Amino acid sequence: TTNSTDITDESGDNVINSQETTTSDISGTVEAGSTIDSLTVTDGINTITVDPNNITLNADGTYSVNNVDLSSLSDGELTVSITSTDKAGNQTTSTDTISKDTVVDTTTADLSSTSDTGVSDTDNITNDNTPTITGSTEAGATVVITDEAGNEIGRATADSNGNYSITTTELADGTQTLTVTATDSAGNTTTTTQRVTIDTTT
């Protein structure tokens, strides 16, 4: 007797991110007429057992269960395991794996000291209306800066050390709060803000 199992996340990239912890689907096949004895997902320490009443088992042996809640499992590699018994009493088990990554490193932001022209290089006052914002986040994350109206004013990819530097598009004089959002490869996001005052008048 044979069986199979496959676990998929909503985006199909084989990585469960923070928005997908309750939307993973498990499907596969068992021999027609078989009984599913157990269906579990584990992070190696904690285990979720899927309620058999939530599993759709068809006459041809195909089965599926949708929107499995994996929020209680830790980040890392998850293993799904199905055990079934055919009509002759033969039992078999199959497994599949998927990654879980729900955390992105904290993002920082600051007006670059080369752009900060106030009385100190930390007062976030500048006479440059295309200032440079620098900071750090998770390596490889996409960093996007938006203005108070939600318009994108610059983006970059963090380098291998997580550092980024973005020179914005032209901004109007005045004080405003910029929003810096970093998105990692798994789709997790983190946000911080940076308040800047631009004064180009003489």
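1. In this predicted model, Ile-145 has Val-180 of strand 16 as its bridge partner. The two strands concerned, strand 13 and strand 16 (residues 174-183), run antiparallel and are joined by five bridges. Another pair between them is formed by Thr-142, whose bridge partner in strand 16 is Thr-183. A student may wish to find these two pairs first, and then follow the strands outwards from them.

2. Strand 13 comprises residues 142-146, and four of its five residues are buried, so that the strand is mostly covered. Besides strand 16, strand 13 also pairs with strand 14 (residues 152-157), in the antiparallel sense and over five bridges. Here Val-144 stands opposite Arg-155 of strand 14. The two strands form a hairpin with five residues between them, and in its turn Gly-150 has a positive phi of about 90°.

3. Strand 16 continues the pattern towards strand 17 (residues 189-198). Ten bridges join strand 16 to strand 17, and the two run antiparallel. Thr-183, already named as the partner of Thr-142, stands opposite Thr-189 in strand 17. This hairpin has five residues between its strands, and Gly-187 takes a positive phi near 100°.

4. Where does strand 11 pair, and in which sense? Strand 11 pairs with strand 17 in the parallel sense, over two bridges. Within this pairing, Thr-126 has Ile-198 of strand 17 as its bridge partner. As general background, the strands of a sheet pair through backbone hydrogen bonds, and they may do so in a parallel or an antiparallel manner.

5. The elements described so far belong to an open sheet of five strands in the order 11-17-16-13-14, with mixed pairing. Its edge strands are strand 11 (125-126) and strand 14, each of which pairs on one side only. The mixed character can be followed in the pairings themselves: strand 11 with strand 17 is parallel, whereas strand 16 with strand 17 is antiparallel.

6. A second open sheet deserves separate attention. It has four strands in the order 1-3-7-6, and its pairing is antiparallel. The edge strands are strand 1 (3-8) and strand 6 (56-57), each pairing on one side only. Strand 1 pairs with strand 3 (residues 24-30) over six bridges, and Ser-4 has Thr-29 of strand 3 as its bridge partner.

7. Two asparagines should be inspected for their backbone angles. Asn-14 has a phi near 65°, a positive value in a residue other than glycine. It lies in the loop between strand 1 and strand 2 (15-16). Asn-14 counts as partly exposed because its relative accessibility is 40%, which falls between the limits of 20% for buried and 50% for exposed.

8. Asn-67 is not a glycine either, yet it has a positive phi of about 55°. Its place is in strand 7 (residues 62-68), whereas Asn-14 is in a loop. Is Asn-67 buried or exposed? Asn-67 is exposed, because its relative accessible area is 52% and the exposed class begins over 50%.

9. Val-103 is found in the loop between strand 9 (91-100) and strand 10 (110-111). Which residues does Val-103 contact, once its neighbours within four places in sequence are left aside? They are Asp-75, Glu-138, Asp-184 and Asn-188. In addition, the C-alpha atoms of Val-103 and Asn-17 are separated by 7.8 Å, although the two residues are 86 residues apart along the chain.

10. The chain as a whole contains zero helices and 17 strands. Its C-alpha trace spans about 90 × 30 × 20 Å along the principal axes. The radius of gyration is 25 Å, whereas a compact globule of 202 residues would have one near 17 Å. Among contacts between residues at least 6 apart in sequence, 61% join residues at least 24 apart.

11. Finally, the surface and the charges may be considered. Of the 202 residues, 41% count as buried. The accessible surface comes to about 10000 Å², and 42% of it belongs to carbon and sulfur atoms. The chain carries 4 positive and 32 negative charges, and the mean positions of the two groups are 6 Å apart.

Key
Residues numbered from 1 in each chain as written. Predicted model: local features only at pLDDT ≥ 70, side-chain atom pairs only at ≥ 80, totals over all residues. Heavy atoms only, no water. Pairing = 2+ DSSP bridges. Contact = heavy atoms within 4.5 Å. Rg over C-alpha atoms; globule rule 2.2 N^0.38 Å. Buried < 20%, exposed > 50% of the residue type's maximum accessible area, 1.4 Å probe, protein only. Areas by Shrake-Rupley, 256 points an atom, 1.4 Å probe, with all protein chains shown as cover. Lys, Arg positive; Asp, Glu negative; His and termini not counted. Charge placed at Lys NZ, Arg CZ, Asp CG, Glu CD.
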